[in-house]
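Hi everyone, thanks for coming. I'd like to walk you through a structure that's probably new to most of you, so let's put it up on the screen.

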Amino acid sequence: MTHIQKFLAAATLGVGFVTLSTPAVAIPVYCSGISTTRNYMRVDDSQVASCLLSGYGSGQAGNIGQAAHNDPFLNNAAGAGYTNISLSFNLQFTQSGNTGTWSFNSTAWSQYSNLSIGFKFGTGGQPDEWFVFNLQDLVSSGNWAFVNIGRRGGGLSHLVLYASEPTNSVPEPGSLALLGLGLAGLAASRRRSRR
């Protein structure tokens with residue numbers, strides 16, 4: 001190994017060490033963009049992958065988590081293939097001012113491979129009042145922040161857990177059948193080696 005190769009190897013190792021020892025910084029994922037005229041939300045990228053949709057409306061038609069025919073997220077192209085599974089997984093939240101926490105039973109991940117969480121705020125119909133984020137894999141709790149530009153209401157009314165892509169369970173072959181296949185392969189292998 002030449003001196004240049006040794007130097008490059010040491011430099012690569014040093015950069016790798018610095019990268020691994022530097023704490024990860026969570027980056028906020030904004031929903032509804034950062035607008036000076038619309039309410040918006042943010043959740044860290046360690047918890048959510050992206051904002052799927054946000055919006056507002058009047059009455060039941062503007063309220064996510066209602067019956068599928070009234071849910072504005074489910075009736076949008078961004079919500080195609082999703083279903084509301086909120087009642088099955090103990091969805092909860094806390095709120096202190098315009099921030100709080102959320103959580104649900106992590107067993108949802110054993111049944112679905114893609115989950116999203118929706119937040120509905122009381123804003124007196126001021127846009128935006130609901131936000132849906134696609135979750136990072138296996139995340140079942142986190143923090144949220146709401147920026148209430150309209151200064152009306154601002155309380156978190158409820159959460160909605162949406163799911164798509166049920167987990168496909170592939171049945172395992174029986175142990176006896178697997179043992180039989182292994183023995184047949186071993187016998188075939190010995191037969192070839194004798195020839």
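Let me start with a question: leaving aside its neighbours within four places in sequence, which residues is Thr123 in contact with? Keep that one in mind while I set the scene. What you're looking at is a predicted model.

First, the overall layout. The chain has three helices and ten strands. If you read from the N terminus, the order goes α-β-β-β-β-β-β-α-β-β-β-β-α. There are 195 residues in the chain, and 33% of them are buried. Now look at the contacts with a separation of 6 or more: 68% of those join residues 24 or more positions apart. As for the surface, the chain exposes about 11,800 Å², with carbon and sulfur atoms supplying 57% of that.

Okay, back to Thr123. You'll find it in the loop between β7 (112–122) and β8 (130–135). And the answer to my question is Asn39, Asp128, Glu129, Phe146, Arg152 and Gly154. Is Thr123 buried or exposed? Buried, because its relative accessible area is 0%, and anything under 20% counts as buried. Its side chain has polar partners, too. The side chain of Thr123 reaches the backbone oxygen of Gln126 at 2.8 Å, and it also makes a polar contact with the side chain of Glu129, at 3.3 Å.

Let's hop over to another loop residue, Gln47. This one sits between β2 (40–44) and β3 (48–55). Gln47 has a relative accessibility of 9%, so it counts as buried as well. A polar atom of its side chain lies 3.0 Å from the backbone nitrogen of Asn143. Asn143 also turns up in the list of residues that Gln47 touches, once you leave out those up to four places away in sequence. The others on that list are Trp102, Leu135, Gln136, Val139, Ser141 and Gly142.

Before we finish, a word on confidence. The mean pLDDT of the chain is 81, and 71% of the residues reach 70 or more. Where is confidence highest, and where is it lowest? The high end is strand β6, residues 99–103, at a mean of 97. The low end is helix α1, residues 3–21, with a mean of 47. Over residues 10–22, pLDDT stays under 50, and the model has zero contacts for them beyond four places in sequence. Where pLDDT is low, the predicted coordinates shouldn't be read in detail.

That's it from me, thanks for listening.

Methods: Residues are numbered from 1 along each chain as its sequence is written. This is a predicted model: local features need pLDDT of at least 70, side-chain atom pairs count only at pLDDT 80 or more; totals for chains, interfaces and linings use all residues. Side-chain values use heavy atoms; hydrogens and water are left out. Helices (H or I, at least four residues) and strands (E, at least two) are DSSP runs, numbered from the N terminus. Buried means under 20% relative accessible area, exposed over 50%, partly exposed in between (1.4 Å probe, protein chains only). A polar contact is a pair of N or O atoms within 3.5 Å; within protein, one must be able to donate a hydrogen and the other to accept it, and residues adjacent in sequence count only if both atoms are side-chain atoms. Contact means heavy atoms within 4.5 Å. Accessible areas come from the Shrake-Rupley method with a 1.4 Å probe; for residues, only the protein chains shown count as cover. pLDDT is the predictor's confidence in each residue, from 0 to 100.
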